[in-house]
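Please open the model in your viewer and keep the sequence panel visible. The tour starts with the whole chain and then moves to single elements and residues.

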Amino acid sequence: MSEPAQAHTRYSAVAIVLHWLIAAAIVFQVIIAWRMGGGRTPEGFALIQLHKSIGITVLLLSLVRLAWRLTHRPPPLPAGMATWEKALAKVAHIGLYVIMIGLPITGWIMVSASRIQVPTLLYGVIPWPHVPGLAHLAEPAKSAWHGFGETGHEVLTWGAYALVALHVAGALKHQLFSKDEPVLAHMVPGARPGAWFDPRLVAIAAAALATVAAGYAVRPAPPASKPLPPPPAVVEAAPSEAPQVAAPVVVETAPTTDTPTETAAPAWKVDAGSTLGFATAWGGVAIEGRFDRWNADILFSPEALDRSKVSVGIDLASAVSGDAQRDESLQGADWFDTAEHPKATFTATRFEKTGENRYVAHGTLALRGASHPLRLPFTLKIEGDKARVSGVTTLDRTAFGVGQGEWKNTDQIPAEVKVSVNLTATRR
């Protein structure tokens with residue numbers, strides 16, 4: 001008989017714990033949202049991931065709280081409350097459940113229908129799926145769902161501010177001014193109505209301030225690049241499958257001292273373990289990556305530079321940088337836009353010797369619908385039927401449209417990107 005009697009004076013222990021956990025999470029979540037800044041910095045990106053994790057946590061806790069509420073009768077409202085106050089309290093409680101469940105769901109919809117399909121890892125560990133069906137919708141429908149989620153999230157956010165303020169104001173009104181209405185005691189057993197400095201009330205205020213402070217103090221680690229696994233085997237391009245690229249820009253040069261020769265340039269097959277890499281920085285944090293799928297059609301001889309040519313096709317969706325979320329973002333419309341431009345190509349048909357084992361390839365890079373000349377200095381060592389090549393160049397990502405919207409700005413990610421190639425090849 002003790003449990004039913006207790007249920008008429010206060011909420012159950014489970015309901016009380018869930019109430020305060022959700023309240024603290026919401027306060028913390030609001031502070032995190034104010035600090036995210038659109039995720040333009042490494043810290044902002046990390047805060048967005050934390051924001052998503054807390055949001056899913058609030059959703060799960062709220063569903064448990066709702067299930068508990070539907071199966072456990074809450075204490076009655078004080079008899080002295082006016083009819084309008086009771087009606088307002090019920091509306092506010094229903095509204096809070098809508099907020100607690102609706103906000104995470106609309107955020108989940110936004111993430112699932114985003115142009116950039118960034119995977120969600122709860123607290124960086126537990127994979128969380130997208131809303132079933134949204135991620136693979138056609139673009140118009142996907143965009144509509146994203147707009148619905150974004151608008152709903154914004155409306156519910158403002159609703160949350162209003163309802164939480166009303167909820168807190170109502171609790172304080174009954175606690176501090178309506179001495180015969182022990183409302184706060186339903187969630188804070190032992191709280192005495194009318195006591196301005198009740199220790200429990202002071203503890204709640206202190207906990208709220210501590211939660212706000214924690215929201216400003218937390219510094220989640222930016223995405224850390226994990227060591228990349230060994231590169232896979234390079235896909236060999238058959239002569240008929242050589243990548244199609246824009247015609248290279250022909251640059252007239254002065255005659256060299258090299259004696260023309262009729263020697264044909266031999267073909268070379270790129271060996272496994274060869275890499276095509278890139279390097280940049282984000283907010284001062286160095287980022288290095290590579291492309292795991294690319295092919296190369298190579299005809300080259302130091303004795304037949306005029307007959308040498310190289311054609312490389314790169315699968316842009318194969319970019320890896322040691323962070324799955326960042327790699328997924330690279331495929332989006334703001335960056336490589338792999339849906340519209342799945343491949344980049346580099347073709348070189350003019351080579352010059354600049355020193356002992358040193359050469360420069362003059363060619364054209366076609367990337368994201370733009371084509372520009374690219375100069376690639378490289379070293380070459382040939383021993384028998386084996387060749388080793390190492391080269392580094394830089395390009396301006398903004399010239400190719402890599403980085404749209406806010407990412408056109410180079411304050412966080414510089415325009416200059418380093419591209420490197422390290423390969424071994426076998427003469428056919």
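What percentage of the 428 residues of the protein count as buried? The share is 42% in this predicted model. Colour by secondary structure: the protein has 7 helices and 13 strands. Switch on the surface, and about 22800 Å² is exposed, with carbon and sulfur atoms supplying 65% of that area. If you draw contacts between residues at least 6 apart in sequence, 67% of them join residues at least 24 apart.

Next, select residues 83-112, helix H4. Its 30 residues reach 43 Å from the first C-alpha to the last, close to the 44 Å expected at 1.5 Å a residue. Centre on glycine 102, where H4 bends by about 30°. Proline 104 follows within four residues of that point.

Now go to phenylalanine 177, in the loop between helix H5 (139-176) and helix H6 (199-217). Is this side of the loop buried or exposed at phenylalanine 177? Phenylalanine 177 counts as exposed because its relative accessibility is 57%, above the 50% cut-off. Beyond its neighbours within four places in sequence, phenylalanine 177 is in contact with Leu172 and Trp196. Add a distance label from phenylalanine 177 to tryptophan 196: the two C-alpha atoms are 9.3 Å apart, with the residues 19 apart along the chain.

Finish at tyrosine 216, in helix H6. Tyrosine 216 is partly exposed, its relative accessible area being 42%. Select Trp34, Trp158 and Tyr161 along with Tyr216 to display a nonpolar surface patch of about 510 Å².

Notes. Residues are numbered from 1 along each chain as its sequence is written. This is a predicted model: local features need pLDDT of at least 70, side-chain atom pairs count only at pLDDT 80 or more; totals for chains, interfaces and linings use all residues. Side-chain values use heavy atoms; hydrogens and water are left out. Helices (H or I, at least four residues) and strands (E, at least two) are DSSP runs, numbered from the N terminus. Buried means under 20% relative accessible area, exposed over 50%, partly exposed in between (1.4 Å probe, protein chains only). Contact means heavy atoms within 4.5 Å. Patches are made of residues with over 30% relative accessible area and no salt bridge: like charges are joined within 9 Å, nonpolar side chains (Val, Leu, Ile, Met, Phe, Trp, Tyr) within 5 Å. Accessible areas come from the Shrake-Rupley method with a 1.4 Å probe; for residues, only the protein chains shown count as cover. A salt bridge is a side-chain nitrogen of Lys or Arg within 4 Å of a carboxyl oxygen of Asp or Glu. The expected span of a helix is 1.5 Å times one less than its number of residues. The bend at a residue is the angle between axes fitted to the seven residues ending there and the seven starting there.
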